[in-house]
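Work through these exercises with the structure open beside you. Try each task before reading its solution.

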Amino acid sequence: MSGTSMDSVDAVLVDFSGQKPELVHTHAHQIPAKLRAELVTICNPRNKYKLEDLARLDIQTGLLFAEAANTLIKQSGYRKTQIKAIGCHGQTIQHQPDYEFPFSLQIGDPNTIVEQTGITTVADFRRRDIAAGGQGAPLVPAFHADLFRSRKFDRVVLNIGGMANITILPSGSNQPVSGFDTGPGNILMDEWTRKHLKQPMDKDGAWAASGKIESVLLEKMMKEKFFSQPPPKSTGRETFNLDWLEKLIKRCRKRFIRKNVQTTLCELSARTITEAILQYAPESTEILVCGGGAHNLSLMFRIQALLGNKRLFTTEDYGLDPDWIEAMAFAWLAKQTMEEKPGNIPEVTGARHPVVLGGIYKGRC
Ligand SMILES: Nc1ncnc2c1ncn2[C@@H]1O[C@H](COP(=O)(O)OP(=O)(O)O)[C@@H](O)[C@H]1O
Ligand SMILES: [Mg+2]
């Protein structure tokens, strides 16, 4: 798994033979800086690039994903013959589910992964759902439901990656699971920190904790139409990026202290996440956070404050490290595909019906 943050390629070895999925081994594989910079550039629809570059990056990221998988397996001490399959999300380059001809494009050639690892690979998870009329996202809710649905408590699983998404898990078995992207998670805070502190992230949210909220800027950002759209909905770097932020800062015609912008970005994520939960899951009593944003103490503090008496946990409190849930979800989705079971939830993505997601690229015989 490599998400919108492009912080690392997360590789996990998961054992599904027991009652609950067991995380056997993990490995965060570094993305070389030059490759990452090219991927970020190509993700911005305003940048011009050659088709040839996209095709080359498809192979390069395929090689990177294979390297991540090979390193993981080697470190785990398992033999390759013991591994049933690799599930690979790919790197999202563009996600445009609301276009006249909707699409979601992930790269990281699965043929390359199979040749480099020898292991059957499942990839291209999003496009079948889009073809069935869905957003192609979010796809993690089915796995969240499998792991965390409770008969006693109405829960929400909140995944804070580059973007943030929620999965609503009602306790009543007759109520459907739902969920959607709420907007930016860490992406804007990351980009602002990269630009001004030359750091990949605002560690623990310390910078955000040092400033004040700029309410004029916050108001302008909150007006982005994505936030008031009803679900199903999903988003990405196409909408929320540094250009978007800088354009809105300019419109405020005011000089902001950089740290105050960071505090305001943190508030934007906290506000949009909690408003989504309060509007669409008012009955929920437990919120389980996963994704890298669980480590941002400023963000977590603001989310808890805005949620009032709903109890905020991380998935760690339920025995699963928040950093690996999304990667585990794609192992689980690959398993669903191998077993010819659907991976999407139509109530979440808006698809016309459940579908078996992805393509299977057979390993060596
Ligand atoms: N200690 C930390 N303090 C603040 N933010 C963190 C910390 N650790 C991770 N993050 C945030 O989490 C992001 C990665 O989260 P992740 O769930 O991998 O997102 P994605 O799925 O988009 O790759 C980082 O880019 C960073 O913003
Ligand atoms: Mg990541």
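The domain bounds used here come from an automatic or database domain assignment. The model is predicted.

**Exercise 1. Lay out the domains.**
Give the residue ranges of domain 1 and domain 2, then state what separates their centres.

*Solution.*
Step 1. Domain 1 is built from two segments, 9-135 and 324-361. Domain 2 covers 141-318.
Step 2. Taken over C-alpha atoms, the centres of domain 1 and domain 2 are 23 Å apart.
Step 3. Turn to the contact: domain 1 supplies 25 residues and domain 2 supplies 22 residues.

**Exercise 2. Describe the buried area.**
How much area do domain 1 and domain 2 bury between them, and which residues of domain 1 lose the most?

*Solution.*
Step 1. The two domains bury about 2,000 Å² between them. Carbon and sulfur atoms carry 60% of that area.
Step 2. On the domain 1 side, the most area is lost by I325, W332 and V348. Together they make up 28% of what that side buries.

**Exercise 3. Find the polar links across the interface.**
Count the salt bridges and the residue pairs in polar contact between domain 1 and domain 2.

*Solution.*
Step 1. Apply the salt-bridge rule, with its cut-off of 4 Å from nitrogen to carboxyl oxygen. The interface yields 1 salt bridge.
Step 2. Look at R46 and D243: their side chains form a salt bridge, with 3.5 Å from N to O.
Step 3. Polar contacts link 7 residue pairs across the interface, both residues at pLDDT 80 or more.
Step 4. Now name the elements on the domain 1 side that give two or more residues: α1 (33-43), β4 (91-96), α13 (325-338) and α14 (346-349). The largest share, 5 residues, comes from α13.
Step 5. Sort the residues of that side: 12 are nonpolar, 8 polar and 5 charged.

**Exercise 4. Inspect the ligand site.**
How many residues surround ligand 1, and which are the closest?

*Solution.*
Step 1. Ligand 1 is surrounded by 19 residues. The closest are S5, G162, D190, D204 and G292.
Step 2. Check the side chains. A polar side-chain atom of D7 is 3.0 Å from an oxygen atom of ligand 1. For E326, a polar side-chain atom is 3.1 Å from an oxygen atom of the ligand.
Step 3. Check the backbone. T4 places a backbone N or O atom 3.2 Å from an oxygen atom of ligand 1.

**Exercise 5. Place G359.**
In which strand does G359 lie?

*Solution.*
Step 1. G359 belongs to strand β12, residues 359-361.
Step 2. Leaving out residues up to four places away in sequence, G359 touches T121, V122, A123 and D124.
Step 3. G359 and P110 are 249 residues apart along the chain, yet 9.2 Å separates their C-alpha atoms.

Notes: Residues are numbered from 1 along each chain as its sequence is written. Chains are lettered from A and ligands numbered from 1 in the order in which they are written. This is a predicted model: local features need pLDDT of at least 70, side-chain atom pairs count only at pLDDT 80 or more; totals for chains, interfaces and linings use all residues. Side-chain values use heavy atoms; hydrogens and water are left out. Contact means heavy atoms within 4.5 Å. Buried area is the accessible area (1.4 Å probe) that two parts lose on being put together, summed over both. A polar contact is a pair of N or O atoms within 3.5 Å; within protein, one must be able to donate a hydrogen and the other to accept it, and residues adjacent in sequence count only if both atoms are side-chain atoms. Helices (H or I, at least four residues) and strands (E, at least two) are DSSP runs, numbered from the N terminus. Ala, Val, Leu, Ile, Met, Phe, Trp, Tyr, Cys and Pro count as nonpolar, Asp, Glu, Lys and Arg as charged, and the others, Gly among them, as polar. A residue is near a molecule or strand if one of its heavy atoms lies within 4 Å of it.
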